[in-house]
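Good morning, colleagues. Please take a moment to look at the sequence and the model on the screen before we go through the fold, the charged pairs and the cysteines.

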Amino acid sequence: MRGAAPAVLELEDSMNPDPIIGLLERDFDTTTALLASVQADGCWAKASPCAGWTVRQVGNHLVGGLALVARIASGGSATPEEADPQRAADIDHLGAEPAKAFAAVAERCLAAFSAPGALERAFPFQPDPVPGVVLVNVCLLESLVHGWDIAYGTGTSFKPEDAVVDAVAAFSYQTISAERRTNGQFGPALPTGPADPPFTALLAHLGRRA
């Protein structure tokens, strides 16, 4: 998944937005710890599950994308060029201390979406306004899945929280349509079996093989 700007998505009433901030905070903590555990010597240059991207490019895309969302959710704006996932991947957002870079942007995201009314407000994301609750779910998906990309690419242990996997799965199964696959945001879904764990099935839905 190379997260281009999300279109407006209608969420079912069963997707209660109230607990999402807590899930996002805990998953941000998981991803921060993961980044801190990646050894600098050669690991960041390894190939990732994102075709054509190194582990460091995935990290840059993740931090750059979250920084853009945090800016918009805090009242700023963005150009269409800034929403290009390749652009974010090619800019060094990680610096010398990737975990600290991620933690800083995570804090800005959480502050923006914890503001009163932020989840219900529509934000000016290209090409159409996007509800805050959708952006929060996108942030959760990005943190979880790109965290796995980094862990997989570096051979680092990764154990996401079950509740986070369930929330991202509910969001992804509802919102990732065939159109979003054909325009390059997501690869084709891969086959799964009834015995596959929920996270394996989610990764397959997003075009990844655990």
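How many helices and strands does the chain have? There are eight helices and two strands in this chain. I should state at the outset that the model is predicted. Reading from the N terminus, the order of elements is α-α-α-α-β-β-α-α-α-α.

Let me turn to the chain as a whole. Of its 210 residues, 49% are buried. Among contacts with a separation of 6 or more, 75% join residues that are 24 or more positions apart. The exposed surface of the chain comes to about 9500 Å², and 55% of that is supplied by carbon and sulfur atoms.

Next, two of the helices. Helix α5 consists of 23 residues and spans 33 Å from its first C-alpha to its last, close to the expected 33 Å at 1.5 Å a residue. How many residues of α5 are buried? The count is 22 of 23, so this helix is mostly covered. Directly after α5 comes G155, which has a positive phi, near 70°.

Helix α6 has 14 residues, and its first and last C-alpha atoms lie 20 Å apart, close to the 20 Å expected at 1.5 Å a residue. Its buried residues include V164, V165, A167 and V168. A169, F171, S172 and T175 are buried in α6 as well.

I now come to the charged pairs. In general, side chains of opposite charge can pair when their charged atoms come close. The count for this model is six salt bridges, and I shall discuss some of them.

One is formed by R26 and E161, with an N to O distance of 2.8 Å. What does this pair tie together? R26 belongs to helix α1, residues 20-37, while E161 sits in the loop between α5 and α6, so the bridge links parts that are 135 residues apart in sequence. Both partners are partly exposed: R26 has a relative accessible area of 40%, and E161 has one of 28%.

Another salt bridge joins D92 to R56, whose closest N and O atoms are 2.9 Å apart. D92 is in the loop between α3, residues 85-90, and α4, residues 98-113, whereas R56 is in helix α2, residues 55-73; the pair therefore ties together parts that are 36 residues apart in sequence. D92 is partly exposed, at a relative accessible area of 49%, and R56 is also partly exposed, at 23%.

K100 and E97 form a further salt bridge, at 3.3 Å from N to O. Is K100 buried or exposed? With 55% relative accessibility, K100 counts as exposed. Its partner E97, at 47%, counts as partly exposed.

Finally, the cysteines. A disulfide is a covalent bond between the sulfur atoms of two cysteines. How many disulfides are counted here? The count is zero. For C109, the nearest cysteine sulfur is that of C139, 4.3 Å away, and C109 is in no disulfide. The cut-off for a disulfide is a pair of sulfur atoms within 2.5 Å, which is why a separation of 4.3 Å does not qualify. C139, in turn, is in no disulfide, and its nearest cysteine sulfur is that of C109. Both residues are buried: C109 has a relative accessible area of 0%, and C139 has one of 1%.

Thank you for your attention.

Terms used: Residues numbered from 1 in each chain as written. Predicted model: local features only at pLDDT ≥ 70, side-chain atom pairs only at ≥ 80, totals over all residues. Heavy atoms only, no water. Helix = DSSP H or I, 4+ residues; strand = E, 2+ residues; numbered from the N terminus. Buried < 20%, exposed > 50% of the residue type's maximum accessible area, 1.4 Å probe, protein only. Contact = heavy atoms within 4.5 Å. Areas by Shrake-Rupley, 256 points an atom, 1.4 Å probe, with all protein chains shown as cover. Salt bridge = Lys/Arg side-chain N within 4 Å of Asp/Glu carboxyl O. Expected span 1.5 Å × (residues − 1).
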